[in-house]
Amino acid sequence: MTEIEKLKQRDPKTLERLYLAHKTSFVQFAAKYQMRREDVLDVYQDAFVAMVENAQKGKIDDLKSELKTYLFSIGKYMIFNLLKKPKTDELINLEDNYEYEDINASEDLLIKLEKNLNNLGEQCYKILRMFYYENLKLNDILNKSSYQSKDVLKSQKARCIKQLKEMLQKS
Amino acid sequence: MEELIEKYFENTLTEQELKAFEENLRSNASFKEEFEFQKSLKQSIHLKERNELKSILKGFDNKNSDVRFEIQKNNKVWRFAAAAVVLILAAFGIYKYQTDGKNTQDLYLAYHQPYPNIVAPNVRGENTEGIKNEAFKAYEAENYQEAIRLFSQIKDEEFAIFYTAISYLELNENQKAIEILKSNKFSETPFPFETYNKWYLALAYLKTGQKNEAKTILEDLTKTDNPQKQKAQELLNEL
């Protein structure tokens, strides 16, 4: 299995190894930008999360550079964003493999939704995660699961969303 | 209606369907509401996934917190120690040159000290990279032959190349050191090796009597902001 495949599955050993392997050099790399150490570590974690997320969405299946290079450019991108520096060509090019939506984590509805997702049945969450997070099409999900037909899958997904809405109303 | 929203998220809307989608968004309140809800749902799943992953990563930090602490501590101690040693040597060096004249060998001795191990201080607890640790152990024990052997087994890491060069320098195999330092291009990467790579190349030139080559690099180092800027200037003044 390739490193990227393992990232997709969030293999704990791989995550730990990669995370620790590049941490020190990232901190040293970020030292140029005069940030507080806590911020540097925070950016490193966010960059790492973004890398894994893009792996899970299949966006870096054809990555030409080393994972480390990719990780560092995401980190640099985030540092530049944080410090509101103008982006260099290198960072603009990165945007081809890099879409990472900033989400306002303080929005009430999102907080409530996130909480209720934890109470949703495992089967439901699995479907929703594949569809909305991994960006899989319904046909792909059908191939990966045991639903008899697309219609069954569709109505299952609709039931899950309905269930979630009901939980929201109660909470 | 639901199908349009589904296809929107799948990114499979045809041009015609996209028009219908936009039309619904404008004129159909319940359509808009459903779409907005699913958009929020998508975001909240991302939040959940990101938060979960981030707390896993934080767990790695905590698990290795004594290692991290050691690295920080070591780093600081080393910086002070390195600065102190360099100062003492420099002071001694200046005294010496004033009394018996300067030559590049002496300057090399005055300014040189093996670069401290800042990559993998030998620490207690779990360690993922055996060879790396062994290599630095040998390096710190001044067993440079062994260090070179081990560093050369670590592929694609710039620190390994850098420390190999310093080890050669310590073994007095200056030409080898110069070749490595000269060819080492720190493309994307981590401060502070880029600076120290130049610094040691300058020292290696001094050691082999190539004053002009050393000067060029030192001048280069005084032009940018880097940890060795001042030291480079001092050394330059003496040349």
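How many salt bridges does the structure hold over all chains? I looked this up before anything else, and the count over all chains is 25. I note here that the model is predicted.

**Entry: a salt bridge inside chain A**

I picked out Asp61(A) and Lys8(A), whose side chains meet in a salt bridge at 2.9 Å, N to O. I then checked where the two residues sit. Asp61(A) is in the loop between helix 3 (37-56) and helix 4 (67-83) of chain A, while Lys8(A) is in helix 1 (residues 3-8) of chain A. They are 53 residues apart, and the pair links distant parts of the chain.

**Entry: salt bridges between the chains**

I next counted between chain B and chain A and got 11 salt bridges. One of them joins the side chains of Lys157(A) and Glu2(B), at 3.9 Å, N to O. This distance falls within the 4 Å cut-off for a salt bridge. For polar contacts across the interface of chain B and chain A, I found 18 residue pairs, with both residues at pLDDT 80 or more.

**Entry: which parts of chain B touch chain A**

Which elements give two or more residues to the side of chain B that touches chain A? I listed helix 1 (2-10), helix 3 (29-63) and helix 4 (65-100) of chain B. Helix 3 of chain B gives the most to this side, with 24 residues. I sorted the side of chain B that touches chain A by class: 15 residues are nonpolar, 10 are polar and 18 are charged.

**Entry: extent of the contact**

I noted that the contact takes 53 residues from chain A and 43 residues from chain B. The size of an interface is often given as the accessible area lost when the parts come together. For chain B and chain A, I have a buried area of about 4,800 Å². Carbon and sulfur atoms give 59% of that area.

**Entry: aromatic pairs**

I searched the whole structure and found 26 aromatic pairs over all chains. Among them, Tyr132(A) and Phe9(B) form an edge-to-face pair, 5.3 Å centre to centre, with 80° between the planes. Tyr132(A) lies in helix 7 (residues 122-133) of chain A and Phe9(B) in helix 1 of chain B, so this pair joins two chains.

**Entry: confidence**

I checked pLDDT by chain. Chain A has a mean of 89, and 93% of its residues reach 70 or more. Within chain A, helix 7 is highest at 95, and helix 5 (residues 89-94) is lowest at a mean of 65. Chain B has a mean of 77, and 72% of its residues reach 70 or more. Within chain B, helix 2 (residues 15-27) is highest at 95, and helix 4 is lowest at a mean of 55.

I marked two stretches of chain B where pLDDT stays under 50. Over residues 66-73 of chain B, the model has 14 contacts beyond four places in sequence. Residues 122-128 of chain B also have 14 such contacts. Where pLDDT is low, the predicted coordinates should not be read in detail.

How values were computed:
Residues numbered from 1 in each chain as written. Chains lettered and ligands numbered in written order. Heavy atoms only, no water. Contact = heavy atoms within 4.5 Å. Buried area = accessible area lost by both parts, 1.4 Å probe. Polar contact = N/O pair within 3.5 Å; in protein donor to acceptor, adjacent residues only side chain to side chain. Helix = DSSP H or I, 4+ residues; strand = E, 2+ residues; numbered from the N terminus. Nonpolar A, V, L, I, M, F, W, Y, C, P; charged D, E, K, R; others polar. pLDDT = per-residue confidence, 0-100. Phe/Tyr/Trp six-rings, centres within 6.5 Å; stacked < 30°, edge-to-face > 60°.
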